[in-house]
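Biologist: I'm new to this one, so could you walk me through a single part up close? I'd like to look at chain A, and at what it meets.

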Amino acid sequence: MIEVILMGIFVGGVYGIVGLGLSLIFTGIRYTMNVSHGQMVVLGCYLSFSTVTLLRLDPLLSALVVLPVVFCIGLALQYSLINRVMLREPAGRIPLILGIGLIVENFLLILYGPDAKSLTPYAPSYAGRSITLFGISLPFIYLIDFIAAMAAMIFVYIFLKYTFIGRAIRATSEDPITVNLFGVNDKRMYAITFGIGAVLAALGGIFVGLTYAFEPSYGHIYLGMAFSVIILGGIGSIRGALVGGVIVGLVQALASYYIGIAYAFLIQNLITLIVLYLKPEGIFGYEV
Amino acid sequence: MKKNTVSFENIKLSKDIRFYLIIGGIIVALLVPLGLGPDWITLFFLFFTYTAMAEVYNLLSGYSGMLALGFHGFVGFGGYITAIACTLWGLHLLVSMFISGTMCVLLALATSFLIIKMRGLYFAMGTLVSASVLFYWFQGWSYVGGGYGMPIVAHVTVYDLYYISLVIAIASIFVAYIIVQSRVGLRLKAIADDDIAAESYGVDVFKTKLLCWVISSFFAGISGSLYFIYSGFISPAAAFAFYWTLSSITATVFGGVRTILGPIIGAFFVVWLRQTFLVEFPGLAMLVYGVIIVAMVLVFPRGIMGYVHAFLTRRKMRGP
């Protein structure tokens, strides 16, 4: 029982960083809902898989290769494609992003085939192991998930709060026209924001790939997860993303333990729908 | 004033031509099964089914501006209701199709208070989450076979389905045309441009959106039931596939948003791609869908029909 709760909380940290990426893109790029976020997660999984099999790296070290690549992909996507529809209202930008997600997903499908893959066999030193703490036995990878998620969130917090680019991103999210007067190019900031969001998704993807199996078509599941996270926790808040991730992880773990995995997703989506209707700004609300 | 009369005559003439074209098209469509093989019949059956879907999708998300990302929820729900009525209860095909359409309307009415109140992005994501709720509900429901799905036993040939789908497609085009030409269409366009301004001018936003929502749910459900009768098997992953929304968006964006003819052209293109690639190279067809969406949105945002309209009006302006 306590194992189930802990596993839920720990894997919820990973959902939290995926949701944080979505939330960052939503607030940073003028309410752009990145519906290709799930595909970015799966892209992270597969790029890590390729790095691991080709360069024989450890999956955790593959982040050093995967994250810069995904950052460049995200940067290029926003700079060359999405920036051109920024004048439209937020819902009007969705078809374009949908098309991008479709291209990424089916590119992966053609390249790797539809079979499920996992990063676990490439990291036998820690991924397969269990760890016993105070009489509670947990798979070791869940602990790594949570520690990495916390580290990533603290890193994003420091980045947004104290670096120049981070402050420029926050300023752009508040007023994209005025920042131009202060020497910040808003379109460039959008591109960097999208890159960081995609990096967070891909980082989540690496840990998801270490924890579970993945397929090219799993993008929609992770988009649903990330959306639940930001709706439950609140859009535009790092704390909210963590809380939302933990709630989603807990609901998933408890519901699949007591009722069944299909109903776990059903309950998660129902809760999301109810919160979306009653309190769409989430638990923590709008704060960057 | 002179210009007005000229354009008036032009419209009258073009309406006549259009009338004969429509009648001719229907007669040809009725006679097609006599001369063509089953492959072509299947292609045209899918074309009509996708046309009905794309036409109401255009009505919902093009004219009224409510981007419904959870459109596949209705398609899958309609398919499942038909499967239940047809296979488990042993009802006649047409009766079960009618039941599935009615159930979709009831579902749309039941969810309307929850979903139509949401605006813009929240509507898009709200419908997507609702479709996920339906998906996981049917996945856990053992009466309809859970995650494995169930076969649909309906003793029909593809020729019967061809005629049924032809009727459905014509009905959907007709309904969309009537709505767009009437005052409701004007209200829809006003809502799509700015719903707060429309409300302040006395448009009942909720009722107008509800009308669109219900009509599109009806036709989406019927198209879903037609498709799954044709495929003979239904599973949650196939019924509530995001593919339905994506193909409707592709058809609408390719043919031209906010046109009546556009979704028809788009649907034909989508079905042609599907029949050519989807069976042998499943990734490639969807990749092309994605490329088309991106290219059309960026380069030709008005779609094919938008440019045809622009071309015709330019010629009309230039005079004979």
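**Chain A and its neighbour**

Modeller: Let's start with how much of chain A is tucked away: 55% of its 288 residues count as buried. Keep in mind that this is a predicted model. Chain A has 11 helices and two strands. Reading from the N terminus, the order is α-α-α-α-β-β-α-α-α-α-α-α-α, with the two strands coming right after the fourth helix.

Now for the overall dimensions. The C-alpha trace of chain A spans about 60 × 45 × 35 Å along its principal axes. Its radius of gyration is 18 Å, which agrees with a compact globule, because 288 residues packed that way would come out near 19 Å. The contacts fit into this picture too: of those in chain A with a separation of 6 or more, 77% are between residues 24 or more positions apart.

Next, the inside. The largest nonpolar core has 203 residues, and the ones touching the most other members are Val18(A), Leu200(A), Ala202(A) and Ile293(B). Helix H8 of chain A, residues 186-211, gives the most to this core, namely 16 residues. Take Leu200(A) as a spot to zoom in on: leaving out residues up to four places away in sequence, Leu200(A) touches Ile17(A), Val18(A), Leu20(A), Gly21(A), Leu24(A) and Ala152(A).

Then there's the side that meets chain B. The contact takes 35 residues from chain A and 32 residues from chain B. On the chain A side, helices H4 (94-112), H9 (219-233) and H11 (261-278) each supply at least two residues. H4(A) has the largest share, with 12 residues. By type, the chain A side divides into 26 nonpolar, seven polar and two charged residues.

Since chain B is the partner, here's a peek at one helix pair inside it. Helix H4 of chain B (residues 93-115) packs against helix H9 of chain B (residues 205-231) at an angle of about 145 degrees, and their axes are 8 Å apart. The crossing of H4(B) and H9(B) is right-handed. On the H4(B) side, the residues that meet H9(B) include Leu93(B), Met97(B), Gly101(B) and Cys104(B); on the H9(B) side, Leu210(B), Trp213(B), Phe218(B) and Gly221(B) are among them. The residues of this contact divide into 14 nonpolar, six polar and no charged.

How values were computed: Residues numbered from 1 in each chain as written. Chains lettered and ligands numbered in written order. Predicted model: local features only at pLDDT ≥ 70, side-chain atom pairs only at ≥ 80, totals over all residues. Contact = placed C-beta atoms within 7 Å. Helix = DSSP H or I, 4+ residues; strand = E, 2+ residues; numbered from the N terminus. Nonpolar A, V, L, I, M, F, W, Y, C, P; charged D, E, K, R; others polar. Axes fitted to C-alpha atoms, helices over the stretch in contact; angles between N-to-C directions. Left-handed = near helix turned anticlockwise from the far one by under 90°. Core = buried A, V, L, I, M, F, W, Y, C linked by C-beta atoms within 7 Å. Buried ≥ 20, exposed ≤ 12 C-beta atoms within 10 Å, placed from the backbone. Rg over C-alpha atoms; globule rule 2.2 N^0.38 Å.
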